Amino acid sequence: MSAPVLASRPILDTRAVSQGLLRPAEPEVALNTGLYSSAGQATAGYRSAKYTTNEWHQGNYSSYFAALTDLENAEVLRRESKKLTSETQASTQTAQANATRMLGERLQELHAWKSELQRLIEALRAETDLLLAQKRRLESALNATETPQLIATDNLQCRERRVGSDLVKDDVEVELLKELDLIHSVQELLKRTLAQAVSQVRSNRTIKSTLEMDWSDKYEAYSIDDKCGRHNSKCTETQRHPSSVKFQDSLSTPETWNKFTEDNIKLGENEQMASANLRALIDKVLQDTAEDLRAQCADVDKAFAKRCEEMSDAKFRLEHHLNQILEQISAQEKNIVELQQAIRDKEAPLKVAETRLYRRSFRPNMELCRDPVQFRLVSEVGEITESIESLQKKLEEAKQSLSSMEDTRMSLEKEIGNKKNSLFIDRDKCMTHRTRYPPVSRLLGY
């Protein structure tokens with residue numbers, strides 16, 4: 001007996017299945033029963049009889065459903081893959097473009113700092129050259145002061161050979177001593193200024209070296225970032241460096257990086273300003289010292305001329321002064337008394353000023369201030385002390401003059417000889433020697 005033939009089979013709408021509108025039924029497992037089936041414990045899991053028509057249709061349906069499910073999953077996966085590919089491509093390109101843009105901004109920032117450093121380095125180089133020129137002027141001016149020192153020393157030594165009453169500390173000697181002190185002060189000032197110039201040159205070169213190192217680092221960083229900015233996905237020089245993703249142990253942050261260069265530039269500008277100020281100071285020092293030396297030289301020459309005139313007049317008028325000696329002695333004694341009284345009159349103001357200074361020294365804490373009052377009191381003490389010294393000097397000169405006048409009556413002939421000797425020393429030796437005094441240009445260091 002043959003198996004019954006299936007006249008028709010179910011029609012499956014594949015579009016409905018693919019769109020999820022029709023959910024195919026789960027195939028039912030055919031029971032192993034019936035006329036042409038085997039049954040029993042021994043045949044479980046193994047089928048020896050033929051499938052039924054329903055089972056055959058169910059098997060085909062299961063195959064169709066599995067194929068349609070795989071097609072649907074494959075289509076969904078393909079669409080998702082295409083979408084993901086587009087999204088990742090866009091995000092990758094955007095990330096690379098952002099990185100390139102940021103590299104460009106970094107290059108601009110590096111270029112700006114590098115240009116500023118380059119400008120300051122060139123300015124420091126030029127400033128150092130100018131300061132070195134001033135340093136050479138200082139050295140030349142310092143060497144030029146040796147001639148005035150030798151002249152003043154020789155004048156003092158020559159005037160020591162005066163004899164008798166002419167061996168006096170007159171205005172010429174005072175001016176010569178002032179000139180010698182001025183020369184020593186000028187030399188010390190020039191030496192200190194020269195030491196400042198040497199120190200400033202060293203500072204300029206040190207900060208210039210620091211700026212050059214910073215510039216070199218930025219130049220190298222600019223080259224690296226510029227090369228990085230030229231890399232793209234089509235570049236053949238790129239390769240994988242997985243370990244580079246890790247953050248390095250960097251020494252700076254953007255804030256400290258900016259501050260480092262800003263501090264260097266600030267130091268460089270400060271040194272440049274200090275160097276320019278020092279050059280201006282050197283100009284002023286050289287100008288002032290040259291003017292002071294020439295002014296003092298003129299004062300000494302004027303004192304010499306005046307002294308020579310006085311000596312000539314004294315030589316020719318000694319005989320006519322005999323009748324005036326007693327009157328001059330009386331006048332000089334009165335002058336001495338007035339000078340002594342003037343000196344005594346200065347003691348009270350000096351005590352007042354010193355007492356004020358002493359009491360103000362007990363001001364507490366921050367009140368112990370060098371205010372204008374303090375400077376005025378110190379200046380007042382100095383002025384009074386200087387006036388006392390001047391009065392005492394004049395008093396000594398007056399006493400010497402008085403003693404000289406008392407001896408004049410007995411030594412007129414000797415004094416005439418002394419005047420001749422003094423005139424020879426001052427006019428013929430000292431004043432002739434002083435014509436070798438260096439000009440202003442040499443004192444200015446040129």
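These legends walk through five close-up views of a predicted model.

**View 1. Helix α3 meets helix α4.** Let's start with α3, which covers residues 146–159, and α4, which covers residues 171–230. Their axes are 10 Å apart, and the two helices pack at an angle of about 150 degrees. Angles over 145 degrees count as roughly antiparallel, so α3 is described as roughly antiparallel to α4. The crossing of this pair is left-handed.

**View 2. A closer look at the residues between α3 and α4.** Which residues of α3 meet α4? On the α3 side you will find Glu146, Pro148, Gln149, Ala152, Thr153, Asn155, Leu156 and Arg159. Their partners in α4 are Val172, Glu173, Leu176, Leu177, Glu179, Leu180, Ile183, His184 and Gln187. Sorted by class, this contact has 8 nonpolar, 5 polar and 4 charged residues.

**View 3. Helix α2 beside helix α4.** Here α4 appears again, this time with α2, which runs over residues 53–144. The axes of α2 and α4 lie 8 Å apart, and the packing angle is about 160 degrees. That angle makes α2 roughly antiparallel to α4. As for handedness, α2 and α4 have a left-handed crossing. In their contact there are 25 nonpolar, 9 polar and 14 charged residues.

While you are looking at α2, notice the stretch from 107 to 141, a span that is 100% helix and 0% strand. Its end C-alpha atoms are 50 Å apart. An unreviewed UniProt entry places the feature "coiled-coil region" at residues 107–141, and also at residues 381–415.

**View 4. Helix α2 beside helix α5.** Now stay with α2 and turn to α5, made up of residues 254–317. How do the axes of α2 and α5 cross? They come within 9 Å of each other and cross at roughly 20 degrees. Because angles under 35 degrees count as roughly parallel, α2 is called roughly parallel to α5. The crossing in which α2 passes α5 is left-handed. The residues of this contact comprise 16 nonpolar, 6 polar and 10 charged.

**View 5. An aromatic pair in helix α4.** Searching the whole structure turns up 2 aromatic pairs. One of them is formed by Trp215 and Tyr219. A pair of aromatic rings is described by the distance of the centres and the angle of the planes. For Trp215 and Tyr219, the centres are 5.3 Å apart and the planes differ by 20 degrees, and this pair is stacked. Where do Trp215 and Tyr219 lie? Both sit in helix α4, 4 residues apart, which is about one turn of the helix.

Note on methods: Residues are numbered from 1 along each chain as its sequence is written. This is a predicted model: local features need pLDDT of at least 70, side-chain atom pairs count only at pLDDT 80 or more; totals for chains, interfaces and linings use all residues. Side-chain values use heavy atoms; hydrogens and water are left out. Axes are lines fitted to C-alpha atoms, for helices over the stretch in contact, and angles run from 0 to 180 degrees between N-to-C directions. Angles under 35 degrees count as roughly parallel, over 145 as roughly antiparallel, 65 to 115 as roughly perpendicular and the rest as oblique. A crossing is left-handed if the near helix is turned anticlockwise from the far one by less than a right angle, and right-handed if clockwise. Contact means heavy atoms within 4.5 Å. Ala, Val, Leu, Ile, Met, Phe, Trp, Tyr, Cys and Pro count as nonpolar, Asp, Glu, Lys and Arg as charged, and the others, Gly among them, as polar. UniProt positions are given in the numbering used here, feature names are shortened, and annotations may be inferred rather than shown by experiment. Rings of Phe, Tyr and Trp (its six-membered ring) pair if their centres lie within 6.5 Å; planes under 30 degrees apart count as stacked, over 60 as edge-to-face and the rest as tilted.
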